[in-house]
Amino acid sequence: MIKAKSTVLIGLQYGDEGKARVMDTMLKDYQIVARFNGGANAGHTLQVGNINIALHQVPSGIFYKDMMLYIGSGCVVNPKKLLEEIKEIKSNGVKIDGRFFISGYVTLIQPHHLLFDEIYGKDIGSTKNGIGPAYADRAMRAKRSEIKNIRFADYIYNNKKFKKMVRDNLAHMEEKHGMTEVDIDKQVDEFDKSVMLIKKYLCKDPLMIESLVEKGKNIFFEGAQSVMLDVVTGATPFVTSSRTIAAAAYTGGDLSNRYHYKTIGVAKAIMSRVGNGPFISELGGEKSENYCAEEGGFAHIKEKEYADAKPEDLLASKEFFDIGKGLRMLTGEYGATTKRPRRIGMLDLVMLRQNCKLNGVDELYINKLDCLVQFNKTRLPGIPIVVGYKLDGRKIDYMPTSVDEAREVKPIIKYFPLIKEDISLFKEYDKLPAEVKGLVEFIEKFVEAKVCGIGVGPEREQFILLPA
Ligand code: IMP
């Protein structure tokens with residue numbers, strides 16, 4: 001008989017849906033938090049009391065004293081960045097040693113991966129964390145290939161051999177890609193030192209997670225990035241390089257799927273996306289995509305947009321592009337560190353339904369519902385939400401698998417009653433205005449997943465659980 005439960009949490013759109021705050025309400029029932037995909041490309045800030053910690057690679061349960069934290073084999077790890085993160089955690093008086101483990105199978109992000117991503121990641125606007133090149137090297141396998149993947153356990157077991165490999169890989173970059181500025185000795189030494197300093201977190205036993213869960217420990221899998229950025233089913237090439245879907249928790253988290261208990265999906269009521277690629281419900285379509293990509297995204301950073309126009313004036317415009325811009329300003333949709341503008345879109349229920357179904361979402365959480373109030377400042381007849389797609393004049397109810405075809409899709413918009421009141425101070429679902437409850441019920445029916453909670457503001461307490 002299975003004693004423990006395994007829960008998987010994923011983002012259902014393009015990332016930045018507010019997954020951490022949903023997790024935060026749930027972790028008290030779990031003893032292990034694990035990452036199963038990606039690396040330092042993920043990121044959010046956790047705040048408890050007056051402590052603020054930016055997490056990129058360490059799983060989110062860090063503030064729970066006895067929580068075990070695990071980075072699964074599906075991840076890629078940047079040793080130097082991880083050390084910086086651990087240092088920040090420790091400097092805030094939070095204990096991590098003895099409860100943090102990294103699978104020996106994880107691929108190490110080597111210095112050449114970062115260099116490679118710096119040049120080639122530009123094409124798709126990567127986070128420059130070396131994610132794509134590292135996963136690519138992992139998939140190459142070839143013994144004679146010039147560039148070689150290195151797993152954590154291998155590096156520790158045969159340090160000399162693999163240190164040389166790091167050097168060769170870097171030298172190869174210099175030779176083949178003309179990078180003469182690279183200080184190879186410095187980079188290799190720094191890398192080696194960092195790997196050796198995280199050696200104490202190495203998990204050599206592939207059965208560790210399985211046996212803990214078998215003994216009754218509950219595990220929570222924290223998805224990074226989101227399903228629309230999945231390397232296989234996302235809009236290639238504008239995706240990340242790992243599998244981000246719920247099922248990947250088991251392949252990348254080193255547990256058999258027999259323990260699966262439930263899948264939690266997180267979405268937000270006004271969508272946003274970083275980087276290029278199709279975004280059917282984008283306000284301002286291609287114009288917005290190009291605008292947000294100008295000068296690598298830096299042409300219209302937060303301060304610049306505020307200096308250029310007042311958000312209220314933009315919202316009053318007839319153009320969807322301007323409305324998107326005004327919404328971005330009023331809902332704070334900028335890169336947390338880069339301040340680059342995120343592309344803004346209407347809530348797309350066709351996409352949400354597809355992702356709820358393909359990931360078997362049992363519980364749906366919708367953040368930023370309060371932001372819909374901003375539509376009161378527009379001239380639109382209501383809150384615009386995408387409820388259908390048109391392709392070549394025909395109605396379709398899925399996102400085409402071809403990226404180019406997806407770009408041809410036109411959204412069918414339904415206008416929902418405007419929400420007249422500021423809902424950010426509400427605490428109980430039943431007391432919310434009828435427009436909000438009507439919308440939530442519509443979403444539930446449309447996507448065929450139970451809405452279990454809504455976010456009505458950025459603060460911890462601005463989160464309303466729905467009656468069961
Ligand atoms: P990479 O994962 O750094 O290779 O970047 C690939 C694409 O995924 C780029 O468009 C990134 O902006 C996007 N991306 C990667 N991680 C995240 C995330 O955590 N949130 C949102 N977008 C992300």
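In this talk I will go through the domains, the cores, some helices and strands, and a few aromatic contacts of one chain. Please keep in mind throughout that we are looking at a predicted model.

Let me start with the overall layout. The domain assignment divides the chain into four parts, and domain 1 is made of two stretches, 6-106 and 201-267, with domain 2 covering 107-199. Further along the chain come domain 3, at 282-345, and domain 4, at 346-465. If you take the C-alpha centres of domain 1 and domain 3, you find them 31 Å apart.

Now to the interior. The largest nonpolar core holds 80 residues, and within it the members that touch the most others are Leu 352, Leu 364, Ile 443 and Ile 454. To give you a feeling for one of them, Ile 454 touches, once residues up to four places away in sequence are left out, a set of residues that includes Ile 366, Leu 369, Tyr 429, Val 440 and Phe 463. There is also another core, lying apart from that of Ile 454, and its 52 residues include Ala 20, Leu 115, Ile 184 and Val 188.

Leu 115 brings us to helix α3, where the buried residues are Pro 111, His 112, His 113, Leu 115 and Asp 117. Among the elements that cover those buried residues are β8, α4, α6 and α7. If we turn to α4 itself, which spans residues 131-140, we see that Ile 131, Pro 133, Ala 134, Tyr 135 and Asp 137 are buried, and that the buried residues of this helix pack against β6, β8 and α3. Just after α4 comes Arg 141, which has a positive phi, near 55 degrees.

Next, the aromatic rings. Searching the whole structure gives 11 aromatic pairs. One of them joins Tyr 155 and Phe 191 in an edge-to-face arrangement, with 5.5 Å from centre to centre and 85 degrees between the planes. Because Tyr 155 belongs to helix α5 and Phe 191 to helix α7, this pair ties together parts that are 36 residues apart in sequence. Tyr 155 counts as buried, at 0% relative accessibility, and Phe 191 counts as buried too, at 6%.

A further edge-to-face pair is formed by Tyr 291 and Phe 321, at 5.2 Å centre to centre and again with 85 degrees between the planes. Here helix α10, which carries Tyr 291, is linked with helix α13, which carries Phe 321, the two residues being 30 apart in the chain. Both of these rings belong to buried residues. Elsewhere, Phe 36, Phe 221 and Tyr 250 are linked into a cluster by ring pairs, and the charged end of Lys 414 sits over the ring of Phe 416, 5.2 Å from its centre.

For the strands, I would point you to β12, residues 270-273, which pairs with β13 in the antiparallel sense over 4 bridges. One of the residues involved is Arg 273, whose bridge partner in β13 is Arg 343. From β13, Arg 343 and Gly 345 point one way while Ile 344 and Met 346 point the other way, and all are buried.

I will finish with a loop residue. Is Phe 375, in the loop between β14 and β15, buried or exposed? Phe 375 is buried, with a relative accessible area of 2%, and its contacts beyond four places in sequence include Ile 270, Ile 323, Leu 327 and Leu 418.

Terms used. Residues numbered from 1 in each chain as written. Predicted model: local features only at pLDDT ≥ 70, side-chain atom pairs only at ≥ 80, totals over all residues. Heavy atoms only, no water. Core = buried A, V, L, I, M, F, W, Y, C linked by side-chain atoms within 4.5 Å. Buried < 20%, exposed > 50% of the residue type's maximum accessible area, 1.4 Å probe, protein only. Contact = heavy atoms within 4.5 Å. Domains from an automatic or database assignment. Phe/Tyr/Trp six-rings, centres within 6.5 Å; stacked < 30°, edge-to-face > 60°. Lys NZ or Arg CZ within 6 Å of the ring centre and 35° of its normal. Pairing = 2+ DSSP bridges.
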